[in-house]
Amino acid sequence: MNKSLVTLTIGQTPRSDIMPLLLEHLPEDQIDHAGLLDGLSAEQVAEHYAAAPGEKVLVSRLQDGSQVRLSSARVEMGLQAKLLELEEAGYENILLLCTGEFGRLQTQKAVLLEPDRIIPPLVAAIVSDNQVGIVVAVEEQIRQQINKWRNLSKTPCFAVASPYLADDEKLVDAALSLQEQGADVVVLDCIGYHQRHRDFLQKLLGIPVLLSNVLVAKLAAELIV
């Protein structure tokens, strides 16, 4: 193995939904891909990772394109084991393809790029005093995101439109909600959002729309030598 960068999704590979977008910034022949749920059936995913009522929820995609709701705590434990495996395999840089908050993920030597540590301060630096609107995948994540965006000068407003389920009607509803709440800049805060979602919302709202996955992909590209 001589590739220095590996992407790690909390779902299953291949992530055919977002890879074309990420590969606009990352060299395909120099990276590998891994998934926390690779090799698991839908029933096994539910058994090991399903979110119980009241738990913090993460959302991802299975290989067949279906959406899964996962327990953040269980995912974090699974990711830690996966990170150790990837380090043992020789990867020097690991790009986590999830924007959820994880407090205890660690590597021994590899550089771990965690979107939740990168994106909020980067967005805060970009938007200045403008009102930020955040689009999340499921309703429960609104309450969970308050602490994540604490460094913004203004409390963000939120809208819901899953990247895995949202049709144009749901995107319109999200856009109208953000408009009513006075958003000046929008952040699509799930790795599953892609260019179509960005273009759709930007055209409707006439304001900048940022893709979390593109922001971290551009940074990861700087680590490849």
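Which residue in β8 is the bridge partner of Val135? Keep that one in mind, everyone; I'll come back to it shortly. One caution before we go on: this is a predicted model.

Let's take the sheet. It is open, has 4 strands in the order β8-β7-β9-β10, and its pairing is parallel. β8, residues 157-160, and β10 sit at the edges with a single partner strand each, so one side of each has no neighbour in the sheet. On average, neighbouring strands here are turned by 25° against each other, ignoring direction.

Now back to my opening question. β7 and β8 run parallel and are joined by 4 bridges, and the partner of Val135 in β8 is Ala159.

What lies across the sheet strands β9 and β10? That is α8, which runs at about 55° to β10.

Next, helix α4, residues 115-127. Its 13 residues reach 17 Å from first C-alpha to last, close to the 18 Å expected. Among its buried residues are Ile118, Ile119 and Val123, and the buried set packs against β5, β6, β7, β9, β10 and α8. Right after α4 comes Ser128, with a positive phi near 55°.

Finally, the cores. The largest nonpolar core has 28 residues, and Leu26, Leu95, Val123 and Trp149 have the most contacts inside it. Elements giving two or more residues to this core include α4, β7 and α8. A second, separate core of 26 residues includes our friend Val135, along with Val186, Leu205 and Ile207.

If you'd like one residue to click on, try Leu95: beyond its neighbours within four places in sequence, its contacts include Leu5, Leu26, Leu113 and Val216. Thanks, everyone!

Definitions and conventions. Residues numbered from 1 in each chain as written. Predicted model: local features only at pLDDT ≥ 70, side-chain atom pairs only at ≥ 80, totals over all residues. Heavy atoms only, no water. Expected span 1.5 Å × (residues − 1). Buried < 20%, exposed > 50% of the residue type's maximum accessible area, 1.4 Å probe, protein only. Contact = heavy atoms within 4.5 Å. Core = buried A, V, L, I, M, F, W, Y, C linked by side-chain atoms within 4.5 Å. Pairing = 2+ DSSP bridges. Axes fitted to C-alpha atoms, helices over the stretch in contact; angles between N-to-C directions.
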